[in-house]
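This report describes the strand pairing, helix packing, aromatic contacts and internal space of one protein chain. The sequence and the structure are shown first.

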Amino acid sequence: MSRGSSAGFDRFITVFSPEGRLYQVEYAFKAINQGGTTSVAVKGVDTAACATVKKVPDKLLDANTVTNLYQLTDNIGCVMTGMVADSRSTVQRARYEAAAWKYKYGYEMPVDMLCRKMSDISQVYTQNAEMRPLGCSMILIAYDEELGPCVYKTDPAGYYSAYKAVSVGSKQTEANSFLEKKFKKKDSYNHDETIQVAINCLSTILSADFKPSEIEVAVVSKENPKFKPLSEAEIDAHLTAIAEKD
């Protein structure tokens with residue numbers, strides 16, 4: 001028990017430490033960084049895009065079945081960062097909630113309500129002793145009829161918010177400062193620029209030149225509000241455009 005101030009207080013999720021911290025919830029945030037992936041989402045004038053690193057852990061795996069991008073409804077999609085099994089369980093629950101909403105009210109669930117619902121569920125996991133918080137964070141992108149392009153993020157503590165640009169994962173500090181600099185210079189991006197800022201952010205913080213098969217990008221826009229992961233050819237075109245800019 002001689003482990004500094006956290007002694008014993010990280011045994012239970014429901015017990016506050018004397019400093020007023022819930023260690024198990026903090027550990028859940030650490031679990032998000034375990035996989036070493038980073039995800040980024042950016043909102044433009046009429047486009048929202050998300051990008052993440054695609055890590056295929058084993059040469060024998062079929063790379064087409066490895067993904068962090070998930071479609072939740074026709075128009076809402078997400079990029080998951082953290083523990084894969086927890087992510088899939090969260091995605092399954094989000095799909096269920098969105099379907100239940102459509103069944104009950106007769107129209108598609110708005111992205112802000114879905115994010116709020118998922119956050120409410122995560123918050124319950126932080127106060128119930130029989131549940132553990134899920135070690136994953138969800139970034140949702142959608143094109144909303146009223147709000148236009150949207151980027152939302154929810155975390156294991158049950159906090160959620162809308163963002164102009166956001167990142168999550170092991171290099172999130174570097175990514176956020178990169179995005180802040182970009183948005184300080186210019187805060188309205190067109191369709192292609194939005195996608196390229198997201199990709200450029202990843203390649204800058206990881207200081208790597210990506211092959212199209214090494215990243216995943218998905219987009220929603222005014223012209224095409226359906227959530228659509230980009231093909232390798234489309235990603236290649238954007239990578240070439242970034243290289244030419246530099």
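## Pairing around strand β1

Strand β1 and strand β8 (residues 165-169) are joined by five bridges and pair in the antiparallel sense. Within this pairing, S39 has V168 of β8 as its bridge partner. The model discussed here is a predicted one.

β1 also pairs with strand β2 (residues 47-53), again in the antiparallel sense and over five bridges. In this pairing V40 stands opposite A51 of β2. The two strands β1 and β2 form a hairpin, with three residues between them. Strand β1 (residues 38-43) is mostly covered, with five of its six residues buried.

## The five-stranded sheet

A further group of strands forms an open sheet of five, in the order β3-β4-β5-β6-β7, and the pairing is antiparallel. Its edges are β3 (69-71) and β7 (160-162), each of which pairs on one side only. On average, neighbouring strands of this sheet are turned by 20° against each other, direction ignored. Strands of a sheet pair through backbone hydrogen bonds, in either a parallel or an antiparallel manner.

Strand β5 has pairing partners in both β4 and β6. With β4, the pairing is antiparallel and extends over seven bridges; T81 has S137 of β5 as its bridge partner. With β6, seven bridges join residues 136-144 of β5 to residues 148-154 of β6, and these strands run antiparallel. Two of the residue pairs can be named: M138 is partnered by T154 of β6, and Y143 by P149 of β6. The strands β5 and β6 form a hairpin with three residues between them.

## Helices on the sheet and burial of β5

Two helices pack on this sheet. Helix α2 (residues 84-105) touches β3, β4 (76-82) and β5, and its direction makes about 155° with that of β4. Helix α3 (residues 111-125) touches β4, β5, β6 and β7, and its direction makes about 5° with that of β6.

How many of the nine residues of β5 are buried? The count is nine of nine. In a regular strand, side chains alternate between the two faces of the sheet. Both faces of β5 are covered: on one side C136, M138, L140, A142 and D144 are buried, and on the other side S137, I139, I141 and Y143 are buried as well.

## Aromatic contacts

The structure holds four aromatic pairs. In one of them, the rings of W101 and Y107 have centres 5.9 Å apart and planes at 85°; the angle is over 60°, so the pair is edge-to-face.

The two residues can also be described by accessibility. W101 has a relative accessibility of 14% and therefore counts as buried, the limit being under 20%. Y107, with a relative accessible area of 43%, is partly exposed. Together with Y105, W101 and Y107 form one aromatic cluster.

## Internal cavity

Searching the whole structure yields one cavity of 30 Å³ or more. The volume of the largest cavity is about 30 Å³. Its lining consists of N68, Y70, M80, T81, G82, M83, V84 and S87.

Which elements supply at least two residues each to this lining? They are β4 and α2. The largest share, three residues, comes from β4. T81, one of the lining residues, is also the residue whose bridge partner in β5 is S137.

Terms used:
Residues numbered from 1 in each chain as written. Predicted model: local features only at pLDDT ≥ 70, side-chain atom pairs only at ≥ 80, totals over all residues. Heavy atoms only, no water. Pairing = 2+ DSSP bridges. Helix = DSSP H or I, 4+ residues; strand = E, 2+ residues; numbered from the N terminus. Axes fitted to C-alpha atoms, helices over the stretch in contact; angles between N-to-C directions. Contact = heavy atoms within 4.5 Å. Phe/Tyr/Trp six-rings, centres within 6.5 Å; stacked < 30°, edge-to-face > 60°. Buried < 20%, exposed > 50% of the residue type's maximum accessible area, 1.4 Å probe, protein only. 1 Å grid on protein atoms, 1.4 Å probe; cavity = no way out; pocket = protein on both sides within 12 Å on 5 of 7 lines; lining within 4 Å. Points joined across faces, edges and corners; volume = space filled by probe spheres on them.
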